[in-house]
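Thank you all for coming; I would like to take a few minutes to go through some side-chain packing with you. Please have the model open while I talk.

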Amino acid sequence: MQRTLTDFVRALRSADVRVSTAETLDAFRAAEMIGWHERGQLKDALAAVLAKSADEAEAFDACFEQFFRFDDFSGVAPNTTVEDTAQDEAELEQQIAPGEGRGGGGGGTGGEAVDEPNTAANDDTQPQTGASIPGPSFGSASSPLGRQLMADDRTALAVAISQAARAHALEDIKVFTQQGLYTRRILDSMGRSALMDEILAREADSAAGDRALGAELRRRYEQLRAHVRDHVERQFVLHADAQGERLRERMLYKARLAAISRRDDALMRRAIERMARQLIAAHSRKRRVKQRGQLDVARTVRRNMRHDGTLIELAWRSKQVERPRVFAICDVSGSVALYARFMLMFLYSLGDVLPKVRAFAFCSDMAEVTDLFKQHDLDEAMARTLAAHGQGSTDYGHALADFERLALDDVDRRSTVLILGDARNNEGEARTDLLRKIYDRAKRVIWLNPEPCVAWDTGDSVMSRYRAHCHQVNECGSLAQLERVVSDLLRHVR
């Protein structure tokens, strides 16, 4: 039972219920005290030590009911109705005795057997093939799984499926494409190979009884296979849903943003929010005053007045943390708009550590869109930004001139300027002199180019000209690269 409870704890963690090692040990002790016989008492005891909030209690209830569910073998395949099964049995009876028909009804006294071939079936003196089969009756199967199926012991079948699933570590299933593989492995462990050999042999036999038994074995095997498939699907939902989602997130984390489809928007949003929470936790902690650095004489004297001026307790100067002012300049032309969307989503998710973010969007003309992203959700704000500023050919020189007019006076030594763009200027004037002005006034100028480095300075790209007037230039085509840039930004501005 220890392994069962350990697997249940794993399922809870997959359902985002936080369970520590100490709480797992408490669960073991609770199960030992309560026992496994009273399901309701066990559930209440485990919930008391494992669920710590209303949300976790709800997740615990769903997970418990799913994990400790006992398969109900009704004798009817999950996708088969009772009427369908009755029809199958009727067809099976006809297959058992194909020569038998309904009674001829002999209305005349001198009926000939040639004129009514089925009248022989009504003669009590004639041997009837199906006389010993009041309903469908079958011989005994030779394969172990066949005998188990014909015995119709539902409890034994459920236990056999559970044991085979545990033997193949079904709880380790990761992705939905493994469901067929685990279904086949469980059936093989239960004796599928020998059963199929028997079914094929009996279906090819000339004896009607053997053919009937083969048909019944195949029907019951299909029911078993459906139950095993459903069991695997439930275990996948229980163990692998959260793991599969995290695996998908890790794939998206490293994938190029241009290759991500709209159907992954919700997953990308959750991934960005998780990344933002991690960065906030890492960079919003108060700095501890360390016992080193420059001595603060005034504070030391005041602190030691209670010691009659004897310098027993020393005070050190601490550096005050200044929250940075970030200017995000985003190219929202067709080739870069998707990257701008994710960068702005990331920056505005860091409101606790980056409270002073001003956003600017341009294709040719530049405009400030800070209020749009504060007043609307991301999708609406981005749609309005693209509609207003995403048309026309890209002109970085004109955009830098607009930034000089709109915000250059607000840039100071506490400011970090993030420029997101591919530096493809459509053969226009680069105006590197304006970027140099920003460089001279700002603490840092960081250019993020979503294109691979090998594509820089190809075609109409003038990346090398802008690179000379930036403190830092990074390729930024994936969430992983964007996170590194923002994390580095937070480390340097403190």
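**Aromatic pairs, a cavity and some arginines**

Let me begin with two phenylalanines, F8 and F64, both of which are buried, and let me say at once that what we are looking at is a predicted model. The search over the whole structure returns 10 aromatic pairs, and F8 with F64 is one of them, an edge-to-face arrangement with 5.8 Å centre to centre and 85° between the planes. This pair links distant parts of the chain, since F8 sits in helix α1 (residues 2-14) and F64 in helix α4 (residues 54-67), 56 residues apart.

How, then, are the rings of F362 and Y396 arranged relative to each other? Their centres lie 5.2 Å apart and their planes are at 75°, and because an angle over 60 degrees counts as edge-to-face, that is the class this pair falls into. Here too distant parts of the chain are linked, with F362 in strand β2 (residues 356-362) and Y396 in helix α17, 34 residues apart. Both F362 and Y396 are buried, and they belong, together with W447 and Y466, to one aromatic cluster.

That brings me to the cavities. Searching the whole structure gives 2 cavities of 30 Å³ or more, and I will speak about the second largest cavity, whose volume is about 40 Å³. Which residues line the second largest cavity? F362 and Y396 are in its lining, as is W447, and they are joined there by I329, M366, A399, L400 and I419. Helix α17 (residues 396-407) supplies the largest share of that lining, 3 residues, and in character the lining residues divide into 8 nonpolar, no polar and no charged.

Let me turn finally to the arginines, beginning with two that lie over aromatic faces. R185 is placed over the face of Y182, at 5.6 Å from the ring centre, and R341 lies over the face of F342, also with a distance of 5.6 Å from the ring centre.

A further arginine, R192, is found in helix α9 (residues 192-203). Is R192 buried or exposed? Its relative accessible area is 15%, and because buried means under 20%, R192 is classed as buried. The side chain of R192 also makes a polar contact, at 2.8 Å, with the side chain of D188.

I will stop there, and I am happy to go back to any of these sites on the screen.

Note on methods:
Residues numbered from 1 in each chain as written. Predicted model: local features only at pLDDT ≥ 70, side-chain atom pairs only at ≥ 80, totals over all residues. Heavy atoms only, no water. 1 Å grid on protein atoms, 1.4 Å probe; cavity = no way out; pocket = protein on both sides within 12 Å on 5 of 7 lines; lining within 4 Å. Points joined across faces, edges and corners; volume = space filled by probe spheres on them. Helix = DSSP H or I, 4+ residues; strand = E, 2+ residues; numbered from the N terminus. Nonpolar A, V, L, I, M, F, W, Y, C, P; charged D, E, K, R; others polar. Phe/Tyr/Trp six-rings, centres within 6.5 Å; stacked < 30°, edge-to-face > 60°. Buried < 20%, exposed > 50% of the residue type's maximum accessible area, 1.4 Å probe, protein only. Lys NZ or Arg CZ within 6 Å of the ring centre and 35° of its normal. Polar contact = N/O pair within 3.5 Å; in protein donor to acceptor, adjacent residues only side chain to side chain.
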